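This report looks at charged side chains and a few loop positions in one protein model. The sequence and structure are shown first.

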Amino acid sequence: MKATVRAHPNIALVKYWGKRDEALILPHQSSLSLTLAPIHVTTTVEFGAPSDTVELHGHAAKGSERDRVLRLLDAVRVQAGRDLGPAKVVSRGDFPMAAGLASSAAGFAALAVAGRAAAGLPEDTRASSILARRGSGSACRSVQGGFCEWQRGERADGEDSYALQRFDAGHWADLRMVVAIVDRGEKEVKSRDGMKSTVETSPYYPAWVKDAEAEVPRARELIAKKDLEALGELCERNAWRMHSTSLAADPPLCYLSSATLGLIQHLREQRKKGVPVWFTLDAGPNPVLLTDAAHEVAAEALARACGAVDVVRCVPGGDATLLTEHLF
């Protein structure tokens, strides 16, 4: 009745931004991401505890945070078809939370896989991806490693909206993602609130959905060919368009800081000097630089020179993994 799982966050190369169903967390368009290692979240779930308790990153979860975790475990109980009793959950990450680094993606992917394992359910990647999605949309892409595509799906119940691994972590071992942390603070507007506002008020949103959906097969083709330059250009274009859509919301929604802009604009000058480095940026101020193994040191130096308070070098990460050692 106890299981522990370690899962990695992911960075969307083609972004997910906006839900067509808030309750089931179904997206308006498909997306494609790369799982990042070594950063991770580790989560232990135990059923049969005296009462439901949730500890996230050293603190007792309250309010909506606690409710999201317990709702996902309620779904596990339904899948198990039997009384599992109250649950105890402890989850810890090794990177900044709520700063645009997909901490919730790693957390809910780990929770989904651990919850199913603790309930005695068989290993099932598709079922775990659908379950993780119900906690946090992008979590469905962290159940597996490498490059994962979250299919939009068509069904109202969401059973065809889950992530498929298109390429495993070993497909492009030379690829590097350098996380430039320019701000460790929590963002003022959470992703789910920012998405809702953008969907409801941005006049550019329909164009965003059409454009982003079309970028997924293009990105998949470039990854297959390991075309760094073309993929980098696609990532930057897609990130700018997502943030432009948010800036057009009412009121305007801006996740970028002056340090964010200074860093990503400096990348153009570096490319003119022969350094192959591009950026992508989720809902937060911290850019992730896309480069290759030969230039990751240069990318880190660039990030620090432009004001990054910390830098995390990442390689393609693997699947969410069951561990034998528990957090409690």
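The text below covers salt bridges, a charged surface patch and some loop residues in this predicted model.

**Salt bridges**

The model has 19 salt bridges. Three of them are listed here with the N to O distance.

| Pair | Distance, N to O |
|---|---|
| R155 and D157 | 2.6 Å |
| E215 and R237 | 2.8 Å |
| E300 and R304 | 3.0 Å |

In the salt bridge between E215 and R237 the closest approach is 2.8 Å, N to O. E215 belongs to helix 5 (residues 205–225) and R237 to helix 6 (residues 228–247), so this pair ties together parts that are 22 residues apart in sequence. The two partners differ in burial: E215 is buried because its relative accessibility is 0%, under the 20% limit, whereas R237, at 31%, counts as partly exposed.

E300 and R304 both lie in helix 8 (residues 296–305), four residues apart, and are therefore separated by about one helical turn. E300 has 15% relative accessibility and counts as buried. R304 is partly exposed, with a relative accessible area of 39%.

R155 and D157 are joined by a salt bridge of 2.6 Å. R155 is partly exposed at 44% relative accessible area, and D157 is partly exposed at 34%.

Besides these pairs, D52, D74 and R77 are linked in a network of salt bridges.

**Negative patch**

On the surface, E123, D124, D168 and D319 gather in a patch of negative charge. One of these residues, D168, sits in the loop between strand 11 (163–167) and strand 12 (175–181). D168 counts as partly exposed because its relative accessibility is 42%, which falls between the limits of 20% and 50%.

**Two loop residues**

E159 is found in the loop between strand 10 (147–150) and strand 11. With 30% relative accessibility, E159 counts as partly exposed. Apart from neighbours within four places in sequence, E159 is in contact with R126 and I130. The C-alpha atoms of E159 and V311 are 38 Å apart in space, and the two residues are 152 residues apart in sequence.

Is S136, in the loop between helix 3 (125–133) and strand 10, buried or exposed? S136 is buried, because its relative accessibility is 7% and the limit for buried is under 20%. Leaving aside neighbours within four places in sequence, S136 is in contact with I25, R68, S104, A105 and F108.

Notes. Residues are numbered from 1 along each chain as its sequence is written. This is a predicted model: local features need pLDDT of at least 70, side-chain atom pairs count only at pLDDT 80 or more; totals for chains, interfaces and linings use all residues. Side-chain values use heavy atoms; hydrogens and water are left out. Patches are made of residues with over 30% relative accessible area and no salt bridge: like charges are joined within 9 Å, nonpolar side chains (Val, Leu, Ile, Met, Phe, Trp, Tyr) within 5 Å. Accessible areas come from the Shrake-Rupley method with a 1.4 Å probe; for residues, only the protein chains shown count as cover. A salt bridge is a side-chain nitrogen of Lys or Arg within 4 Å of a carboxyl oxygen of Asp or Glu. Lys and Arg count as positive and Asp and Glu as negative; His and the chain ends are not counted. The place of a charge is taken as NZ of Lys, CZ of Arg, CG of Asp or CD of Glu. Buried means under 20% relative accessible area, exposed over 50%, partly exposed in between (1.4 Å probe, protein chains only). Contact means heavy atoms within 4.5 Å.
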